[in-house]
Amino acid sequence: MKKLFGTCGKMIIGVAFALLLLSCLIPFVLLPLMGSYSTEELMRQLPFTFGDKFYENTKTLLEGNFLKVYLNSILVSAGSIVFSVVISVLAAYSVTKFRYKGASLITTFIIVTMMVPGQISTIGYIMEMRAMHLTNSLWPLILTWMAHPFTCFFMIQFMKSSVPTEVIESGRIDGASEPRILFSIVLPFIRPGIATTVILLFLWSWNSYTLPMLIINNNDMFTIPLYVANLISEFRFDIGGRMAALTWAVFPVIILFVIFSKSFIKGIASGSVKG
Amino acid sequence: MKKNNAITLRGRKMQMGRVWPYLFVLPYLLCYFLFNLFPMLYSFYISFFDWNGVSPKTLVGMQNYVDLLTKDSLFWKSLTNTLAMVAISIPVQVGLGLLAAALLFPMKHKRAMESIMFLPYIIAPIAIGAIFANMFDWQFGYINEVLSHLQVISEKVYWLQDERWAFAIVVIMQIWRHMGYCMIIYLAGMTSISSEIYEAAKIDGANSVQLFWHITVPQLRPMTVFLVLTSIINGLQLYEMPAQLYAGSSAASGGPQFSVLTVIWKFINDAFGPKMRLGYGAALCYILFVIIVAFSMVFKKLTAEED
């Protein structure tokens, strides 16, 4: 009897968990599913199987400036990743592998500033970008990631735990210059850490919406989230087109996630557990 | 002469050696000052002015702060909304994450399930908002469609137009987005618990529920502390998902009767709405900042005392 109760309980838990898993998948089926119908069809009858209008919906998007928007998003993410990673690696190398007066102070500063919510700088940042005449470019969306405390903190952690100080010392004894030590000795050690920060920065910059919405008002400088949000307010009832656009917005994230899911998950877990 | 040269060369090299660390850290500090710290201080400065970004600034002193805290009932509404959302969603998302992790941990082929649970976390909040807006649309939404098919409801429900339902949907979105993240953190924590503790307890005759409550949960305490604290900080900044639920219908800003208006949503409306009250918005952000710092400090203190 007790055993029967146990198996029943297990089954209930199993079913509940399966439902939870399913709930995580539904939206990702829903996007391409609804994106493959015209809005008229969707209004008539909600579908449960895929339709044949996905190509058509995408074509309508491309007739607008969707391609330009997509390119903007790629540029913003690539720029943010490159600058932020390089700057963070340099700073992390400096504060972890050199002994000088300010090193620990700067480390504390980076950790403390990690807690500061971004919104308190929003208004000042927008005014600054206006004063620098950058609001008509993609720069404001890249510059905001340049000194990112979390990225830098993550690199510091990684640098501390996985780069042995001895190899750096021996490099210095051999007379290698500091940039050379960084590039040919330190870099190979921190490659997994860099991979994780690249993925995180991609995720953040690709999905970012609020700051771009407040700064960018030129259609040609829109990124994907902005474009989709505008699509919703402009053509309230083009549900099919909107879903197709969202499918394309989510697509690269899913692909990257499928390819890198291991270091993705590992990185996020280790970064936060250590913090 | 030759010797002299060598000495100065070596001296220069030594000097360069001392310069390198500063040179390496300089770009970060410079960028932080330019694109983070300066804008923050400038926002703080603006918070003492009445300014729309175009006409000249008028110094109002603490008036923005005083007005927000004493006169602006909508600010209090947004704050209580946000706090309630955080208070309800955190226990559920952390609990579900823990349960899912406990279920998955002993399984051998868990990568696929792990990844599926994590999917909602990597998707743009704006996409999640749009998906939920679509699912709960009273006219074209799947929820109404399915529920009326199953004959659970006889007529379509106005989910997003009802105060309580709207609030519940925002909480569900928040939970749904973060439970996989909580699970991943817990799974990482579980790998660091040594199996010896479990073995010892099993020999003492503990069943799996007892093992879970008396070993797993206490051992995962650091992860729980981390998750709750970061969830509070992130939850207080909730904006994109609820705002996207009502995208396109500007009249519904904040949802029905402002039932899902969050603090940041209020900030965006005040600072970048038709009136452009930049000083007022900046003050609002600083109040939120103080609340976040207070929460973190109290929380740190509470957890430190228990340890």
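In this predicted model, the contact between the two chains draws on 64 residues from chain B and 65 residues from chain A. On the chain B side, the biggest share comes from helix α1 (residues 2-46), which puts 16 residues up against chain A. Sorted by class, the chain B face that touches chain A is made up of 51 nonpolar, 10 polar and three charged residues. As for how the predictor rates the complex, it gives an ipTM of 0.89 and a pTM of 0.90.

Next comes the nonpolar core. The largest one has 161 residues, and the members with the most contacts inside it are V228(A), A245(A), A127(B) and I184(B). Helix α7 (residues 163-191) of chain B is the top contributor to this core, with 16 residues. Domain 1 (2-46) and domain 2 (64-306) of chain B both supply residues to the core, so it lies between them. V228(A) gives a close-up of the packing: setting aside residues up to four places away in sequence, V228(A) touches R242(A), A245(A), L246(A) and A249(A) in chain A, plus I126(B) and A130(B) in chain B.

Helix α7 of chain B is also home to V171(B). This valine has 20 C-beta neighbours inside 10 Å and therefore counts as buried, the cut-off for that being 20 or more. Leaving out residues up to four places away in sequence, V171(B) touches M85(B), I88(B) and S89(B). V171(B) and V260(B) are 89 residues apart in sequence, yet their C-alpha atoms are 9.5 Å apart in space.

Zooming out to chain B as a whole, there are 13 helices and two strands. The radius of gyration of chain B is 26 Å, well over the 19 Å that the globule rule gives for 307 residues, so this chain is more spread out than a compact globule. Its C-alpha atoms fill a box of roughly 100 × 75 × 40 Å along the principal axes. The domain assignment splits chain B into domain 1 (2-46) and domain 2 (64-306), and the centres of these two domains, taken over C-alpha atoms, are separated by 41 Å. Of the 307 residues in chain B, 39% count as buried. Among the chain B contacts with a separation of 6 or more, 71% are between residues 24 or more positions apart. Confidence in chain B averages a pLDDT of 88, with 92% of its residues at 70 or more.

Two loop residues have backbone angles that deserve a mention. Most residues other than glycine have a negative phi. H133(A), although not a glycine, has a positive phi of about 55°. This histidine sits in the loop between α6 (119-131) and α7 (139-143) of chain A, and with 9 C-beta neighbours inside 10 Å, H133(A) counts as exposed. Over in chain B, Q257(B) is not a glycine either, and has a positive phi of about 50°. Q257(B) lies in the loop between α11 (240-245) and α12 (263-272) of chain B. With 11 other C-beta atoms within 10 Å, Q257(B) is exposed.

Technical notes: Residues are numbered from 1 along each chain as its sequence is written. Chains are lettered from A and ligands numbered from 1 in the order in which they are written. This is a predicted model: local features need pLDDT of at least 70, side-chain atom pairs count only at pLDDT 80 or more; totals for chains, interfaces and linings use all residues. Two residues are in contact if their C-beta atoms, placed from the backbone, lie within 7 Å. Helices (H or I, at least four residues) and strands (E, at least two) are DSSP runs, numbered from the N terminus. Ala, Val, Leu, Ile, Met, Phe, Trp, Tyr, Cys and Pro count as nonpolar, Asp, Glu, Lys and Arg as charged, and the others, Gly among them, as polar. A nonpolar core is a set of buried Ala, Val, Leu, Ile, Met, Phe, Trp, Tyr and Cys residues joined through C-beta atoms within 7 Å. A residue is buried if 20 or more other C-beta atoms lie within 10 Å of its own, exposed if 12 or fewer, and partly exposed in between; C-beta atoms are placed from the backbone. Domain bounds come from an automatic or database domain assignment. The radius of gyration is taken over C-alpha atoms; the globule rule is 2.2 Å times the number of residues to the power 0.38. pLDDT is the predictor's confidence in each residue, from 0 to 100.
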